[in-house]
Amino acid sequence: MRGGKSRAAASSKDDTKVAGKRKAADNQGKRAKRGKAGKDPNKPKRPPSAFFVFMDEFRKEFQEKHPENKKVSVVSKACGDKWKSMSEAEKAPYVAKAAKRKAEYEKIIASYNKKQSEGSSGNASPEEEVVEEASKSEVDDEEDGNGEEEEDEE
């Protein structure tokens with residue numbers, strides 16, 4: 001058999017390919033298990049953009065003109081088309097409102113970040129804080145229990 005491969009050699013290469021696929025699948029599984037860090041429910045929400053400020057007002061007007069419409073997609077499409085057709089001068093009041101809301105948000109988020117950095121566990125989520133408190137109390141209980149037993153034995 002010149003230049004040909006034996007069946008054993010071919011099957012061992014296939015086995016390594018399969019093993020490589022398994023390792024890749026295992027690595028993907030490990031990545032998926034980590035997940036994202038939990039969101040802080042007390043964190044202030046970001047302010048709406050100029051388009052969303054416009055959209056709030058446009059929805060009200062559109063619902064008054066078309067009360068029979070129940071589809072969100074129709075309202076959204078009409079709003080997007082209207083926004084695209086508006087000039088910069090027509091968009092200016094919405095841009096100004098959005099800028100004002102953004103300035104207020106930046107003040108609020110600055111104070112929020114300051115409070116987070118001043119806290120004892122600023123980066124920990126509320127769930128982690130509960131776990132830390134529970135573990136501290138368990139340790140304190142064990143130390144108290146050992147101290148009492150030593151006094152009883154003496």
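**Figure 1. Helix H2 and helix H4 help cover the buried residues of helix H3.** This view comes from a predicted model. Among the parts that cover the buried residues of H3 are helix H2 (50-65) and helix H4 (88-118). Those buried residues are Val75, Cys79, Gly80 and Trp83. They line one face of the helix, because they fall within an arc of 130 degrees when seen down the axis of H3. Ser73, Lys77, Lys84 and Ser85 lie on the other side of H3 and are exposed.

**Figure 2. Helix H3 spans residues 72-85.** The helix has 14 residues. From its first C-alpha to its last, H3 reaches 20 Å. That is close to the 20 Å expected at 1.5 Å a residue.

**Figure 3. Phe54 and Phe58 form a tilted aromatic pair.** Seven aromatic pairs turn up in a search of the whole structure. In the pair of Phe54 and Phe58, the distance is 5.6 Å centre to centre, with 35 degrees between the planes. Both residues sit in helix H2, four residues apart, which means that about one helical turn separates them. An α-helix has 3.6 residues a turn, so residues three or four places apart point the same way. Phe54 is buried, with a relative accessible area of 4%. Phe58 also counts as buried, at 10% relative accessibility.

**Figure 4. The rings of Phe54 and Trp83 form a tilted pair.** Their centres are 5.2 Å apart, and their planes stand at 40 degrees. Phe54 belongs to helix H2 and Trp83 to helix H3, so the pair ties together parts that are 29 residues apart in sequence. Phe54 and Trp83 are both buried.

**Figure 5. One aromatic cluster takes in Phe54, Phe58 and Trp83.** The cluster is formed by Phe51, Phe52, Phe54, Phe58, Phe62, Trp83 and Tyr94. Trp83 is also one of the buried residues of H3.

**Figure 6. Lys91 is buried yet has no salt bridge.** Lys91 is found in helix H4. Which side chain of opposite charge is nearest to Lys91? It is that of Glu88, 4.3 Å away. A salt bridge needs a side-chain nitrogen of Lys or Arg within 4 Å of a carboxyl oxygen of Asp or Glu, so Glu88 does not form one with Lys91. Lys91 is in contact with Trp83 and Met86, leaving aside its neighbours within four places in sequence.

Conventions. Residues are numbered from 1 along each chain as its sequence is written. This is a predicted model: local features need pLDDT of at least 70, side-chain atom pairs count only at pLDDT 80 or more; totals for chains, interfaces and linings use all residues. Side-chain values use heavy atoms; hydrogens and water are left out. Helices (H or I, at least four residues) and strands (E, at least two) are DSSP runs, numbered from the N terminus. The expected span of a helix is 1.5 Å times one less than its number of residues. Buried means under 20% relative accessible area, exposed over 50%, partly exposed in between (1.4 Å probe, protein chains only). The arc is that of the directions from the helix axis to the C-beta atoms. Contact means heavy atoms within 4.5 Å. Rings of Phe, Tyr and Trp (its six-membered ring) pair if their centres lie within 6.5 Å; planes under 30 degrees apart count as stacked, over 60 as edge-to-face and the rest as tilted. Lys and Arg count as positive and Asp and Glu as negative; His and the chain ends are not counted.
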